[in-house]
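Colleague: Got a minute to go through this one with me? I'd like to start with the charged pairs and then look at some helix packing.

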Amino acid sequence: MKFLFDLFPVILFFVVYKFADGHQDAAHALAVQYMGGLVSGGNLTPGQSPIMLATAVGIVATVLQILYLLARGRKVDGMLWLSLGVIVVMGGATIYFHNEDFIKWKPTILYWAFGLALFVAQFGFGNNLMRKVMEAQIRLPDAVWTKVGYAWMAFFAAIGVLNLVMAFVVFKGNTGAWVNFKLFGITGIFFAFVVIQTLMLSKYMEEHEQPQGHGHGKGDA
């Protein structure tokens, strides 16, 4: 459920874009009616309308996520606040300048911000943020936690670069293909990374737990 909750804005962005792209005349009329005053020059083409509507819905969805958590008295983590800030700035620029390049940069800026936060916390303050997030679920040796932190830093840096390559090189001029990649490609890569990391860490978790069970066995004997 948390996974779906975190993906809520991305899923809505995808759904709205695909629907609007398949009904461009209706999407254009809707965008002009409700967003015309937010656009520099007040002019939107039918082809621009799908990404404009999807971006607006993505912003609203992220705001609703935070309001939902606050209404239920839950803590809003820093990553969600950061996500809101990035989508408001980059999404707002997309709408105002009616230029989809801004929203295409949004995932990269977000991932690089996450990676930078891990880097600054680790090397500036000696805090391993990934350990704080994960150690309630798993126990690992200190040296392995350091490697986990490095792995996530590298991953966020790499996936940020990959998004730019897909948006501006591989799918240049094909926003629909990039939208598909944003939901399915990036989500799939995240899932694969987590699975691979879990498999690699399982060895260390077993080694970390083994001495306790072994010692208890000797005591019984």
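**Salt bridges and a helix pair**

Modeller: D142 and R131 form a salt bridge through their side chains, at 2.8 Å from N to O. Keep in mind that this is a predicted model.

Colleague: Where do D142 and R131 sit in the chain?

Modeller: D142 is in helix α7 (residues 142–170) and R131 is in helix α6 (residues 129–134). The two are 11 residues apart, and the pair links distant parts of the chain.

Colleague: Is D142 buried or exposed?

Modeller: D142 is exposed, at a relative accessible area of 52%. The cut-off for exposed is over 50%. R131 comes out as partly exposed, with 26% relative accessibility.

Colleague: Which residues are joined with R131 into one network?

Modeller: E135 and D142, through salt bridges that share partners. In the bridge between E135 and R131, the closest N and O atoms are 3.2 Å apart. E135 is partly exposed, with a relative accessible area of 40%.

Colleague: How many salt bridges in the whole structure?

Modeller: The search finds 3. Besides the pairs on R131, there is one between K104 and E100, with 3.0 Å between the closest N and O atoms.

Colleague: And K104, buried or exposed?

Modeller: Buried, with a relative accessible area of 2%. Its partner E100 counts as partly exposed, at 23% relative accessibility. Buried means under 20%, so E100 does not qualify.

Colleague: OK, changing topic. At what angle do α4 and α5 pack?

Modeller: About 155 degrees, with the axes 9 Å apart. Helix α4 covers residues 78–96 and helix α5 covers residues 101–125.

Colleague: Roughly parallel or roughly antiparallel, then?

Modeller: Roughly antiparallel, because angles over 145 degrees count that way.

Colleague: Is the crossing of α4 and α5 left-handed or right-handed?

Modeller: The crossing of α4 and α5 is right-handed.

Colleague: Which residues make the contact?

Modeller: On α4, they are M79, L82, S83, V86, I87, M90, G91, A93 and T94. On α5, they are F102, I103, W105, K106, I109, L110, A113 and F114.

Colleague: How do those divide into nonpolar, polar and charged?

Modeller: The contact of α4 with α5 has 13 nonpolar residues, 3 polar and 1 charged. The charged one is K106 of α5, since Lys counts as charged.

Colleague: Fine, that covers my list.

Notes
Residues are numbered from 1 along each chain as its sequence is written. This is a predicted model: local features need pLDDT of at least 70, side-chain atom pairs count only at pLDDT 80 or more; totals for chains, interfaces and linings use all residues. Side-chain values use heavy atoms; hydrogens and water are left out. A salt bridge is a side-chain nitrogen of Lys or Arg within 4 Å of a carboxyl oxygen of Asp or Glu. Buried means under 20% relative accessible area, exposed over 50%, partly exposed in between (1.4 Å probe, protein chains only). Helices (H or I, at least four residues) and strands (E, at least two) are DSSP runs, numbered from the N terminus. Axes are lines fitted to C-alpha atoms, for helices over the stretch in contact, and angles run from 0 to 180 degrees between N-to-C directions. Angles under 35 degrees count as roughly parallel, over 145 as roughly antiparallel, 65 to 115 as roughly perpendicular and the rest as oblique. A crossing is left-handed if the near helix is turned anticlockwise from the far one by less than a right angle, and right-handed if clockwise. Contact means heavy atoms within 4.5 Å.
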